[in-house]
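Work through the exercises below with the sequence and the 3D view side by side. Try each task before you read its solution.

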Amino acid sequence: MRKTTRILVYLAVGFGFVLAWLPAGRSLLFGSDPTDIDMNDSLQTEDIITDDAWRTPIPDLGYREREGRALFRHYCALCHGQSGEGDGFNAYNLDPKPRDLSDHEFQTAQTDEDLAEVIGGGGGDAGLSNAMPPWGKVLGERKIGYVIAYLRTLADSLPETD
Amino acid sequence: MRNDGGGLDRIWFWFAAMSFVFLVVLAISPIKDYFREYRKYQIDYRDQLLERAGTSRELRDANREGVRIRQIWNPDYPNRVDRCTSCHLGVENPGMADASPPLRTHPMTPHTPEQFASFGCVTCHRGQGRATTMMDAHGLASDWATPMLPLRYTEASCGTCHMDEEVPEANLLSRGRTLMAELGCYACHEVDGHEAWESDAPDLDGLSRKTSPEWLRTWIADPQSVRPTTKMPYIQLGQSEIDSLVAFLWTRPAGEDDFLQDEENPAGDPDRGETLFRESRCISCHTVDGRGNGSAAELSGIASKVNRRWLIEYLENPHALQPETKMPRYYFTRQDLLDLSQYLMDELWDPEAPPPVEQAFRPPQKMVEGGMRTFRKYGCSGCHQISGLTDRSRIGPELTGIGRKPVDQLDFGRRDDLPRTLHDWIGAKVSSPRSFRDGLKMPQFILEGEDLTAVITALLSNTGEVIPEEYRVERVIANYDPPGRFGELVDRYRCLSCHEVEGVGGDISTAPLTVEGSRVQESWLKNYLLRPSTIRPILTDRMIPLRMPEEDAAFLANFMQNVYVDDDIPARLFSEEPDPANVRRGSHLFYERYGCQACHMIDGRGGYFGPLLDEAGVRLKPGWVYWWVLGSQRWRDDVRCPDYGVPDRDALDLAAFISSLGRTP
């Protein structure tokens, strides 16, 4: 066997293994680096499709917020008001008055867990008014999650600093 | 024998060269695999798991995560294989809620996270489940017919299995499906499962006795400009088409005289008419200037639409003129009719309506025939009945399966501006249907914002897919006809326009009648039918006083008392009067423990959302109160009286207290 041929054989075997197991020439062989792909890929796709906003408008609220809005309007708005300001038509008869849920400070002070506890267990158990009933049995954990997601959209924007 | 060295060298050379080519070919597959996108995500995911691991067990589990294709295989659901979890690794892991996509936890929905294994991903999101690259898997490859649904339309997929109009926890879809039925899409388009759809548009016979040609012309030209809340769409007709339609409608049924002068009806007393209008609670169904329930027609402007003679006839017996109407037949006296109609004609006219021309309208026969052709052409009979036209054939294309139609089968016509996607096509079809080509007939509906998204979602939900039976969720369509004399009275008073019984009927009233006999006391019910009192002061749509004769009320009350009962609800809770101590304890529970006064008023104290309880002792049966307190959502699942998880003893005492209200001991 000639020397060059032997070298060729070794090269072939070596090259094969190198190509198979080492990260080399990725951009040369496959175009862009996979790490270049935006992690928000599905959102990006959506944006391309809907540049025509008037035709297929994006709802203001996401799925969970929409579900929460329906529940809020059905169960909560009677006392807390349509926009959560504590001015529902039944608020008139209540003492203490229902909480203003749009209050920015209140919203920042309460974690989702805090809210879930009062919504699910009622005001009485949390040391608040017993006029706030427990909704845990009617709504369950998931739906209370929707309501909280919607409540967060009711928060006033940050108060302007002087 | 011995070959010379040169020949052997050549063989070695070819052997080496072929080995090289062979190894290069062999290397392609592992190289491609090495550079798959999911590999990076999986390594990323393992790193994040290691970072978040709190216990040694979690650490061990994280280290065991190798790079491999992951898939959800569901052999029951047409052999579905979804490999989406090869990149979307954290969907089932609640600890990844704050990670960035694609590693993030799937948001909680009615089917996630518990049912990933039985649904997979493509069932809801569409795309190509078997693919393992982002472009292919998301269905963005040009030859893939069902690309991923944009997130805002994902609810459409709930409708693949949930066939009903109302789909729980899918607001947008439910709204869209309701709108499709309300707006009458099924009048023109055939859709599987909606063959039984019925229009509630009025019959068009006898219009010449009811209205004027001028009003009709304005109405047909643009109904929403006359009454913004109407469901009738803008048909975009030309002037000659409008004229011919009016001519045609005017002569139905043939042989009727035209505009009738109001000669035989003397003037009534409009003030008494106004009182009657209020007392009769017309706004329980109708609206006046937008105030009222809104399930029946807006009444402002009615005086410019109808003439008084027709109005009197209609109020006397609506069913003679519109057999399918939801309006009950009140027992009005002749004087009542004169006064009520006088009030409506004096007060509710539209200043912008054209004045009727005091001259008989006799259209030429040719115009009438042209009008009939126009009526047919635009499929008016899809919604309106009229004598002489019995064919109610649908003029639009069938829409079954529209939600999965491949884009290359869609006719974009002159809409070059539209992105080539199904949902954009549907959106443009629904919001500006005539923009695609000339000669299209679909009318213009007013749909904006979320309503438009809802209708697009509802259309996308109609995939026409055959799904396994065990996945299908469909309510059994109730079929119930109240029997005998009860049924006749229910028809006369159109109880089912508002109330639900055995799954049929309307939803204007919050009170289904199916267990009415177990709920209220017979004597109270009879009085209520004769003179409805206010139970929930907050409602606009309250029970209407039908002025029914006493024997009708007695019969209705007695029938319900005996037939509409539920054996699970105790008929007799207390064998004798409850102990005053229990009543006192019940009162304490009512006010102090459960805070019922937040919604219920007693003696003028308390909230007014729930029913007034002043007369609860004569209205409700104690057994009902007890059953209610233990879980009112058993009656209707949307009841707002919260379920406190009341213990049995408390329920008994609350029943004792509430049943004592309004009764003299």
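A residue is buried under 20% relative accessible area, exposed over 50%, and partly exposed in between (1.4 Å probe, protein chains only). The model is predicted: local features need pLDDT of at least 70, side-chain atom pairs count only at pLDDT 80 or more, and totals for chains, interfaces and linings use all residues. Residues are numbered from 1 along each chain as its sequence is written, chains are lettered from A and ligands numbered from 1 in the order in which they are written, and side-chain values use heavy atoms, with hydrogens and water left out.

**Exercise 1. Salt bridges in chain B**

Task: find the salt bridge between Asp339(B) and Arg272(B), then place both partners.

Solution.
- Start with the rule: a salt bridge needs a side-chain nitrogen of Lys or Arg within 4 Å of a carboxyl oxygen of Asp or Glu.
- Side chains of opposite charge can pair when their charged atoms come close.
- Check the pair: the N to O distance between Asp339(B) and Arg272(B) is 2.6 Å.
- Place the partners: Asp339(B) sits in helix α18 (residues 334-347) of chain B and Arg272(B) in helix α14 of chain B, 67 residues apart. Helices are DSSP runs of H or I with at least four residues, strands are runs of E with at least two, and both are numbered from the N terminus.
- Read the accessibility: Asp339(B) is buried at 1%, while Arg272(B) is partly exposed at 34%.
- Widen the view: Arg272(B) and Asp339(B) belong to a salt-bridge network with Glu279(B), Asp336(B) and Arg547(B).

Task: how far apart in sequence are the parts that Arg175(B) and Asp451(B) tie together?

Solution.
- The two side chains form a salt bridge at 2.8 Å, N to O.
- Arg175(B) lies in helix α8 of chain B and Asp451(B) in helix α21 (residues 449-460) of chain B, so the pair ties together parts 276 residues apart in sequence.
- Arg175(B) is partly exposed at 37% relative accessible area. Asp451(B) is partly exposed too, at 23%.

Task: is Asp650(B) buried or exposed?

Solution.
- Asp650(B) forms a salt bridge with Arg585(B), with the closest N and O atoms 2.8 Å apart.
- Asp650(B) is in helix α29 (residues 648-659) of chain B, and Arg585(B) is in helix α26 (residues 580-593) of chain B, 65 residues away.
- Asp650(B) is buried, at 8% relative accessibility. Arg585(B) is partly exposed, at 26%.
- Over all chains, the count of salt bridges is 34.

**Exercise 2. Bent helices in chain A**

Task: where does α7(A) bend?

Solution.
- Get the overall layout: chain A has seven helices and zero strands.
- Compare spans: a straight helix of 19 residues would span 27 Å at 1.5 Å a residue, but α7(A) spans only 21 Å between its end C-alpha atoms. The expected span is 1.5 Å times one less than the number of residues.
- Find the bend: α7(A) turns by about 75 degrees at Arg142(A). The bend is the angle between axes fitted to the seven residues ending there and the seven starting there.
- List some buried residues of α7(A), including Val138(A), Leu139(A) and Ile144(A).
- See what they pack against: α4 (63-80), α5 and α6 of chain A.

Task: at which residue does α6(A) bend, and what follows the helix?

Solution.
- α6(A), residues 112-125, bends by about 70 degrees at Ile119(A).
- Ile119(A) is buried, as are Leu115(A), Gly122(A) and Gly123(A).
- The buried residues of α6(A) pack against α5 (104-109) and α7 (136-154) of chain A.
- Gly127(A) follows the helix, with a positive phi near 80 degrees.

**Exercise 3. Backbone exceptions in chain B**

Task: which peptide bonds are cis, and where is phi positive in Glu169(B) and Glu502(B)?

Solution.
- Keep the background in mind: most residues other than glycine have a negative phi, and most peptide bonds are trans.
- The bond from Pro101(B) to Pro102(B) is cis, with omega near 10 degrees. Pro102(B) is in the loop between β2 (80-82) and α4 (116-119) of chain B.
- The bond joining Arg252(B) and Pro253(B) is cis as well, with omega about -15 degrees.
- Glu169(B) has phi near 60 degrees. Its place is the loop between α7 (158-161) and α8 (171-183) of chain B, and Glu169(B) is buried at 13%.
- Glu502(B) has phi near 50 degrees. Its loop runs between β5 (500-501) and β6 (504-505) of chain B, and Glu502(B) is partly exposed at 39%.

Key. Contact means heavy atoms within 4.5 Å.
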